[in-house]
Amino acid sequence: MSKENYNFPDKDGRYGDFGGKYVSETLISALDQLEDTYDKVKNDKSFIAEVKNDLETFVGRPSPLYFAQRWTKNLGGAKIYLKREDLNHTGAHKINNTVGQVLLAKKMGKKRIIAETGAGQHGVATAAVAARHGLECIIFMGEEDIERQSPNVYRMKLLGAEVCAVDSGTKTLKDAMNEAMRDWVTNVDDTHYIIGSVAGPHPYPQIVRDFNSIVGVELKGQSREVLGRYPDKIIACVGGGSNAMGIFYPFLKDNSVDLIGVEAGGSGVESGKHAAPLSDGSVGVLHGMKTYLMQDEGGQILSTHSVSAGLDYPGVGPEHSYLRDSGRVIYEAATDDEALDSFHDLTKTEGIMPALETAHALAFAKKIAPSLDKEEIIVVNLSGRGDKDMANVAKVEGLSL
Amino acid sequence: MNAIHKVFDSLKKNNRKALITYSIAGDPDLDSSEKIIRNFIHSGVDIIEVGVPFSDPMAEGPSIQLGHERALKNNISLKDILEMCFKIKKDHPNVPIVLMGYMNNFLSLNENLFSELKKHKIDGLIIVDLPYVESTEFLKKLNKEGIDLIRLISPTTTNERVSKILSSSSGYLYYISLKGVTGSELKVSDELEKRVLSIKEQTDLPVVVGFGIKDAITAKKMSFCSDGVVVGSLLVDEISKFSSKEDNIMNKKLTSIIDELKEGIA
């Protein structure tokens, strides 16, 4: 597939059959306004310069491309490089999107920012930009996730955000998104909803992809400089799929580069206890988009299982659904145990503690690297840092801090 | 002329406004929800909206969210709901039954959906998360079976989109009275009345008002400018107070609420 033929989303906000705008009528005008605003500014020089400046001085971009030398040696196969999104301000790739969206909110004259969060990384990244721009900020977070990710909850509060505990449904990310939608429909005039993944109704999957694609754009330049060529494989974890979309998108036309998304396999895909809709789901409509979902025969959304709150989501961005069906991206799954194992591996051998989400991508790299030629190059998107997960890892392993 | 059309025709002749109820199939259980609907019909409700419970009811306020959760605990499926509606339609062919729910549940029947709806005598659908822009194909298939897609219009719908929506509507139009979820607090205003009247000027279809109508006085006010009102959260809240073993007392209570509402809008 060449990028020339790849021109998604189309004018209806679709990626093939996926995507769209399946929301209540009340939200259509807000989505139209966002789409219009984004179309106007996305090629505007002063807007691009403003985003660039924020990415450099507030986020700390570009993020380095790091050679994981000891881990590579231990695994004894392909060279593993890490794209260090964990070094961004607030500790993950999520801030790439929020610095852009908050500027869109200001262009639209919105004074109030809402967001959903699972692991808390998107909540923190949203709270940080809201603080910087002096905007009111409310973060919706499932009760179960509040428990799993308490350091991030306090961080959001310190940044001046109100954290709203969601106790409906499964009390995780999907329910936080439902509640954010309910708030948005009520306060649509003065509120911008910063969705944190390449999910939701059009134009969100496009906007979040575009703001995150700085990761892939930088990697292209760094590959040429540091490696002298593009990597053979790029691996990223996929929940909603924003870090993966960000690093994959600029490489879609480069067919020599294998793109691999890794979903949360929970207790194993065959167990049914996972959060891997692309590996073991079916097509449906949720949160404004047509995409692969984990659902039962009657179309009820199923509970998901993952050690990582950020991947614990029953859907996935619509562009990933398209890329799965087209075959351009291969989707795999890593289990909780495999992710935990790689979490420790990287921490001990490289002195870098990855987020549990990211650990799923690392787990797949660990699985394939030993059997690959030593000249092959794998880049893993190190999407976030793992400090937030320490208490949870300790708990899973029966320790108390 | 289908059942919805007939009902509004006869209401107009008698200078009356429609009372439309919303209750959730399977709440508190399937048999009781059937009894509730039959009781609504006996109490003189004009159109029955049947909520199809969904695991992620994004547009609902707390009352109806909890109703969906109660129904799903009973493992209610769309097929069960269709069977229930069919039984009711057998006895009351002239009372329109409109299913209201979310796209994903309707998609679960795939292409069979349209013939199944027809087979079970469903008169119309309201799909909360299927806005005008996404509905073209779906609408064609529904209309082929003679089933109405009831469109929603909200305070944020631009005039331009209102005319697009009107150009492909049938049955009736559902005006969402407020920016918010179901069961929010409704403040009746001149602006609201003007908007409903302006929509009515642009169409021959009946326009009903829903969201936040929780007492006879509000129902009365909203029926002045419209062709009818939808009452949901008020009834679902009442239903939540009873277990399925208390059918009789629950239905007595519901009848008195319906009587009061009917008196308001008469």
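## The start of helix 10 in chain B

A polar contact is a pair of N or O atoms within 3.5 Å, where, within protein, one atom must be able to donate a hydrogen and the other to accept it. In this predicted model, such a contact is found at the start of helix 10 of chain B, where a side-chain oxygen of Asp215(B) comes to within 3.1 Å of the backbone nitrogen of Ile217(B).

Helix 10 of chain B spans residues 216-225, and its buried residues are Ala216(B), Thr218(B), Ala219(B), Met222(B), Ser223(B) and Cys225(B). The cover over these buried residues includes two helices of chain B, helix 9 (190-201) and helix 12 (247-265), together with strand 8 (207-210) and strand 9 (228-231) of chain B.

## Strand 7 of chain B and its neighbours

In a regular strand the side chains alternate between the two faces of the sheet. In strand 7 of chain B (residues 173-176), Leu173(B) and Tyr175(B) point one way while Tyr174(B) and Ile176(B) point the other way, and all of them are buried.

Strand 7 of chain B runs parallel to strand 6 (residues 151-153) of chain B, to which three bridges join it, and Leu173(B) in strand 7 is the bridge partner of Arg151(B). Between these two strands the chain passes through helix 8 (residues 159-167) of chain B, in a β-α-β crossover that is right-handed. Strand 7 of chain B also pairs in the parallel sense with strand 8 of chain B, over four bridges, and here Tyr174(B) has Val208(B) as its bridge partner. With helix 9 of chain B, strands 7 and 8 of chain B make a β-α-β unit that is likewise right-handed.

## The six-stranded sheet of chain A

Chain A contains an open sheet of six strands in the order 3-4-14-9-10-13, with mixed pairing. Its edge strands, each pairing on one side only, are strand 3 (65-67) and strand 13 (329-335) of chain A, and the twist from one strand to the next averages 30 degrees.

Strand 3 of chain A pairs with strand 4 (residues 79-84) of chain A in the antiparallel sense, over three bridges, and Phe67(A) stands opposite Tyr81(A) of strand 4. Helix 14 (residues 336-350) of chain A packs on the sheet, touching strands 3, 4, 10, 13 and 14 of chain A, and its direction makes about 90 degrees with that of strand 13 of chain A.

## A helix pair in chain A

Helix 1 (residues 25-41) and helix 8 (residues 173-186) of chain A pack with their axes 9 Å apart, at an angle of about 85 degrees. Because angles of 65 to 115 degrees count as roughly perpendicular, helix 1 of chain A is roughly perpendicular to helix 8 of chain A. In this packing, Thr26(A), Leu27(A), Ala30(A) and Leu31(A) of helix 1 meet Met181(A), Trp184(A) and Val185(A) of helix 8.

Methods: Residues are numbered from 1 along each chain as its sequence is written. Chains are lettered from A and ligands numbered from 1 in the order in which they are written. This is a predicted model: local features need pLDDT of at least 70, side-chain atom pairs count only at pLDDT 80 or more; totals for chains, interfaces and linings use all residues. Side-chain values use heavy atoms; hydrogens and water are left out. Buried means under 20% relative accessible area, exposed over 50%, partly exposed in between (1.4 Å probe, protein chains only). Contact means heavy atoms within 4.5 Å. Two strands pair if DSSP finds at least two bridges between them. A crossover is right-handed if, with the strands pointing away from the viewer, the path from the first strand over the helix to the second runs clockwise. Axes are lines fitted to C-alpha atoms, for helices over the stretch in contact, and angles run from 0 to 180 degrees between N-to-C directions. Angles under 35 degrees count as roughly parallel, over 145 as roughly antiparallel, 65 to 115 as roughly perpendicular and the rest as oblique.
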